[in-house]
Amino acid sequence: MNPEPTDPRTANRHRTGVPSAILPAIEERDLPPGRHQFHKEHLMNRIHDDRRAAARAPRNPFLRKAVLLPAATALAGALAVGVLVLAPGGVPDAGDRATGPALTTAIGVADPHGAPRLLDRISLAAAGAEAPRRRAGQYVYIETRSASTHVRTVDGVSSLVGVPLHTRQSWRSPDGLKGWLIEPGTTGPEGITLEGTDEKGDVPEPHLGAPSHDYLATLPTDPGALLRKIYEETEGQGNGKDQQAFTTIGDLLTESWPTPELTAALYRAAAKIPGVVAVDGVTDAAGRKGVAVARLDEFSGQRTEWIFDDKTLTFLGERTVQVVGNGGEGGLIKPGTVVFTHAIMVRAFVDDMKVTPSGTAS
């Protein structure tokens, strides 16, 4: 079943407990309740069966040729007044390459003892960042680069296909009621609105799975209280409470723009989740090398990695890699396959939808 941009907002993108080797075909996927605003965009991205099994977001690749994932450039990130810009990479690396339609990578070694120390350093760096300032009436602008690999089944025949590296631009009002999305292969050149109602015809209330910028300001910044809230509100979702908590924090980091105080609290909360590890030598979708904080989903064999610049500890993005066993329909997703990669390039406050930080219309 292929989503349309006008479909009602739907739900949580996370997995239940179905092993990935026995997943049904992509065309049969549906969406559970709980992640309306997030899936308004990410159904269209078609990149998230790395996170879910029975509750999955379908996606249809629009180009099947091999995708080269570049690597290895230093971060040149800077936090200005209301704008965070991360420099792109551009040097191919033999360790991150395309094999047929699949994005592949060398699997980094997980350090089960390094995560608390690394997250402590990351949280301190985040807390010391300058808080962006917003004027009344401005929108949150997020520009990212994404790519993915997944299994597509047509007429009972499954094959591995890739969604190539592309730029995605989104605009959101702080209250979450207005929004716009431009993404090649998903929307037309002018993009589509992100306004709409849920399955009941109601305007969805912001929540952990679909936060607005204003909603983020209501979250506790005590790490213990924040983690308890995440566990309570995501109970019964995903592949166990710990994996779901880690995924929820990752969504908040990648799909919104938390304040430095909340960002630091999210990292400290993540340090309390069992199974979180550190991984060296990872590469984001823009080709930037860094270190990662990661957790393995024991059900799928896929490891979600939050990627940070190894010098500034700035958050660069997120990727999901098959590291244990074969995943996807027919076991076509082999270890080393990058199922999903998502790099944050710009986060800024802008004066209107379809306006970029430079002031030009997109």
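## Helices α2 and α6

In this predicted model, helix α2 (residues 115-127) and helix α6 (residues 260-270) pack at an angle of about 170°, and since angles over 145 degrees count as roughly antiparallel, the two helices are roughly antiparallel to each other. Their axes are 8 Å apart.

On the α2 side, the contact is made by L119, D120, I122, S123, L124, A126 and A127. Helix α6 answers with P260, T263, A264, Y267, R268 and A270. Sorted by class, the contact of α2 with α6 has 9 nonpolar, 2 polar and 2 charged residues.

## Helix α6 and its other neighbour, α4

Helix α6 is mostly covered, with 9 of its 11 residues buried. Those buried residues are P260, L262, T263, A264, A265, L266, Y267, A269 and A270.

Helix α4 also packs against α6: the two axes come within 8 Å and cross at roughly 70°. That crossing makes α4 roughly perpendicular to α6. Here P223, L226 and L227 in α4 meet L262, A265, L266, R268 and A269 in α6. By class, the residues of this contact of α4 with α6 divide into 7 nonpolar, no polar and 1 charged. If you are following R268, you will find it in the α6 contact with α2 and again in the α6 contact with α4.

## One face of α4

Which residues of helix α4 (residues 223-233) are buried? They are P223, G224, L226, L227, I230 and Y231. Seen down the axis of α4, these buried residues fall within an arc of 165°, so they line one face of the helix. Their packing partners are α5 (241-255) and α6.

## Strand β6 and its two partners

Let's turn to the strands. Strand β6 (residues 139-154) has 13 of its 16 residues buried, so it is largely enclosed by the rest of the structure. One of its partners is strand β14 (residues 338-350), which pairs with β6 in the antiparallel sense over 10 bridges. To place the register, take R145 of β6: its bridge partner in β14 is A343.

Strand β7 (residues 157-172) is joined to β6 by 14 bridges, and these two strands also run antiparallel. In this pairing, R152 has S159 of β7 as its bridge partner.

## The β6-β7 hairpin and two positive phi values

The hairpin of β6 and β7 has 2 residues between the strands. D155 lies in this loop and has a positive phi of about 55° although it is not a glycine. Most residues other than glycine have a negative phi. At 78% relative accessibility, D155 counts as exposed.

K354 is another residue to check in a backbone torsion plot, with a phi near 70°, a positive value in a residue other than glycine. K354 sits in the segment after β14. Its relative accessibility is 27%, so K354 counts as partly exposed.

## From β7 through β8 to β9

Strands β7 and β8 pair in the antiparallel sense over 4 bridges, with S170 having L181 of β8 as its bridge partner. L181 also stands opposite I192 in β9. Strand β9 (residues 192-193) runs antiparallel to β8, and 2 bridges join them.

How do the side chains of such a strand arrange themselves? In a regular strand they alternate between the two faces of the sheet. In β8, G179 and L181 point one way and W180 and I182 the other way, and all are buried.

The hairpin of β7 and β8 has 6 residues between the strands, and among its features is a positive phi near 80° at G176. Is G176 buried or exposed? With a relative accessible area of 19%, G176 is under the 20% cut-off and therefore buried. G176 and P206 are 30 residues apart in sequence and 7.2 Å apart in space, C-alpha to C-alpha.

## The whole chain

The secondary structure of the protein comes to 6 helices and 14 strands. Of its 362 residues, 57% are buried. Among contacts between residues at least 6 apart in sequence, 65% join residues at least 24 apart.

Key:
Residues are numbered from 1 along each chain as its sequence is written. Side-chain values use heavy atoms; hydrogens and water are left out. Axes are lines fitted to C-alpha atoms, for helices over the stretch in contact, and angles run from 0 to 180 degrees between N-to-C directions. Angles under 35 degrees count as roughly parallel, over 145 as roughly antiparallel, 65 to 115 as roughly perpendicular and the rest as oblique. Contact means heavy atoms within 4.5 Å. Ala, Val, Leu, Ile, Met, Phe, Trp, Tyr, Cys and Pro count as nonpolar, Asp, Glu, Lys and Arg as charged, and the others, Gly among them, as polar. Buried means under 20% relative accessible area, exposed over 50%, partly exposed in between (1.4 Å probe, protein chains only). Two strands pair if DSSP finds at least two bridges between them. The arc is that of the directions from the helix axis to the C-beta atoms.
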